[in-house]
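Please open the structure in your viewer and keep the sequence panel beside it. This tour moves from the whole chain to open pockets, then to paired side chains, and ends at an enclosed space.

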Amino acid sequence: MQTLNVLDNRFSPFNTYSTLSTDALVAETFTNTIFDKRQILALMTQLQTTLDIDELLSIFAVEATRYVDFSGLYFKSQNLNTVLFGSRKAKKEQCFELKIEDNFIGTLSYGINSPISLTNFKVLEQLHLCLLHPIKNAIAYHTAMQLAMQDGLTGLGNRRYFDEQLKRSMHNANRHHSLVGLVLGDLNKFKAINDTHGHIAGDTVLQEFANVLRLCTRDSDSLFRFGGDEFAIIVENANDSALAIIENRINLALASNVQLNKYQLGCSIGSTFMNRADNELSFFERADEILYRRKMQVSSHLSVV
């Protein structure tokens, strides 16, 4: 990420979000009056109306764009990355570290196509003071929500998160005429591992299998554990071979994983693509039916042996 040298320049006419023509004189006037309590209160009141990080950035951008020429706004913290809706790629990025005393909150970056003047650099610094506590609260809220949607043992999404994500991904697929796939997995002989080796060993197996899924999927794929030994993967923006590739990767990874191989762990998999007539239930049930048939084939094979 590149930090731009601060130059005392007037704005170029390019501004994606611009709603007000401004120059250094207006910015300087604002700098001198930003300490007006009424202005601070008005901005802070707006910023404190939401805990949603995306909405918070939108509110802030409306104010910032009155004084600074930018085409994109990006926030990054340890556990959260977000991009202002409508952001476009720019020539440079101007980065600001947000801190409360010595506590690092995150980095706020502006996509810019012309240098920011020294005066307007100071304007941004004043605006950031108003943003600090609201954005800290939004990060804490986001973290709490993520924990509520997370399986405590594996760190994957839980069933509640799966239901929300499946609905959202199906909506996006219909809207953009893209493919979305669903992969359901059920571990073979997992109960025997628990009964023979104990629940601590069983928990270790579940955690390691979750790591296998992470290695076998893209960052854009969503992973879930329903409880017990049932797992799911939502594959958005897929191609025709995506589900077969994931299934093959999982089987190869299980065969080569030393920790899981000593338990002779296998996984039955059922996968399918959404069709346009599907709702969440029909989509899930079709994948589950394929999984059930695969599971029965494995059980039959184990019985014969």
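Helices and strands are counted here as DSSP runs, helices having at least four residues and strands at least two, and both are numbered from the N terminus. With that way of counting, the protein chain has 10 helices and 8 strands. Please keep in mind throughout that this is a predicted model.

**The whole chain**

Begin by selecting the protein chain and showing its surface, whose accessible area comes to about 16900 Å², with 52% of this belonging to carbon and sulfur atoms. Of the 305 residues in the protein chain, 46% are buried. If you then consider contacts in the protein chain with a separation of 6 or more, 68% of them are between residues 24 or more positions apart.

**The largest pocket**

Rolling a probe the size of a water molecule over the atoms shows where empty space is left. Which residues should you select to find the centre of the largest pocket? Choose Asp 219, Ser 220, Asp 221, Ser 222 and Leu 223, which lie nearest that centre among the 25 residues of the lining. The space in this largest pocket is about 680 Å³.

Next, colour helix α5 (159–176) together with β6 (222–227) and β7 (230–238), each of which supplies at least two residues of the lining of the largest pocket. The largest share comes from α5, which provides 7 residues. If you colour the lining of the largest pocket by class, you will find 13 polar residues, 6 nonpolar residues and 6 charged residues.

**A salt bridge between α5 and β7**

Side chains of opposite charge can pair when their charged atoms come close. Stay with α5 and β7, and show the side chains of Arg 168 and Glu 236, which form a salt bridge whose closest N and O atoms are 2.5 Å apart. This pair links distant parts of the chain, since Arg 168 belongs to helix α5 and Glu 236 to strand β7, 68 residues apart. Are these two partners buried or exposed? Arg 168 is partly exposed, with a relative accessible area of 35%, whereas Glu 236 is buried, at 14%.

**The second largest pocket**

Now select Asp 52, Tyr 141, His 142, Met 145 and Gln 146, the residues nearest the centre of the second largest pocket, which is lined by 15 residues. Here α3 (53–64), β2 (81–83), α4 (118–148) and α5 are the elements that give two or more residues to the lining. Helix α4 gives the most to the lining of the second largest pocket, with 5 residues. The volume of the second largest pocket is about 300 Å³, and its lining has 8 nonpolar, 4 polar and 3 charged residues.

Keep His 142 selected for a moment, and find its place in helix α4. His 142 counts as partly exposed, because its relative accessibility is 24% and the partly exposed class lies between 20% and 50%. Leaving aside residues up to four places away in sequence, His 142 touches Asn 79 and Leu 80. Then draw a line from the C-alpha of His 142 to the C-alpha of Ile 53, where the distance is 7.8 Å although the two are 89 residues apart in sequence.

**Two further salt bridges**

The count of salt bridges comes to 11, and two further examples can be visited here. Select Lys 191 and Asp 195, whose side chains meet in a salt bridge with an N to O distance of 2.8 Å. Lys 191 and Asp 195 are separated by about one helical turn, because they are 4 residues apart in helix α6 (residues 190–197). Lys 191 is exposed at 59% relative accessibility, and Asp 195 is exposed at 55%.

Then move to Asp 278 and Arg 286, which form a salt bridge with the closest N and O atoms 2.6 Å apart. Asp 278 is buried, with a relative accessible area of 12%, while Arg 286 is partly exposed, at 25%.

**The cavity**

How many cavities of 30 Å³ or more does a search of the whole structure find? The search finds 1, and the largest cavity has a volume of about 50 Å³. To see what surrounds the largest cavity, select its lining residues, including Val 183, Phe 209, Phe 231 and Cys 267. The elements that give two or more residues to this lining are β5 (179–188), α7 (199–216), β7 and β8 (266–273). By class, the lining of the largest cavity divides into 10 nonpolar residues, 1 polar residue and no charged residues.

Note on methods:
Residues numbered from 1 in each chain as written. Predicted model: local features only at pLDDT ≥ 70, side-chain atom pairs only at ≥ 80, totals over all residues. Heavy atoms only, no water. 1 Å grid on protein atoms, 1.4 Å probe; cavity = no way out; pocket = protein on both sides within 12 Å on 5 of 7 lines; lining within 4 Å. Points joined across faces, edges and corners; volume = space filled by probe spheres on them. Nonpolar A, V, L, I, M, F, W, Y, C, P; charged D, E, K, R; others polar. Buried < 20%, exposed > 50% of the residue type's maximum accessible area, 1.4 Å probe, protein only. Contact = heavy atoms within 4.5 Å. Areas by Shrake-Rupley, 256 points an atom, 1.4 Å probe, with all protein chains shown as cover. Salt bridge = Lys/Arg side-chain N within 4 Å of Asp/Glu carboxyl O.
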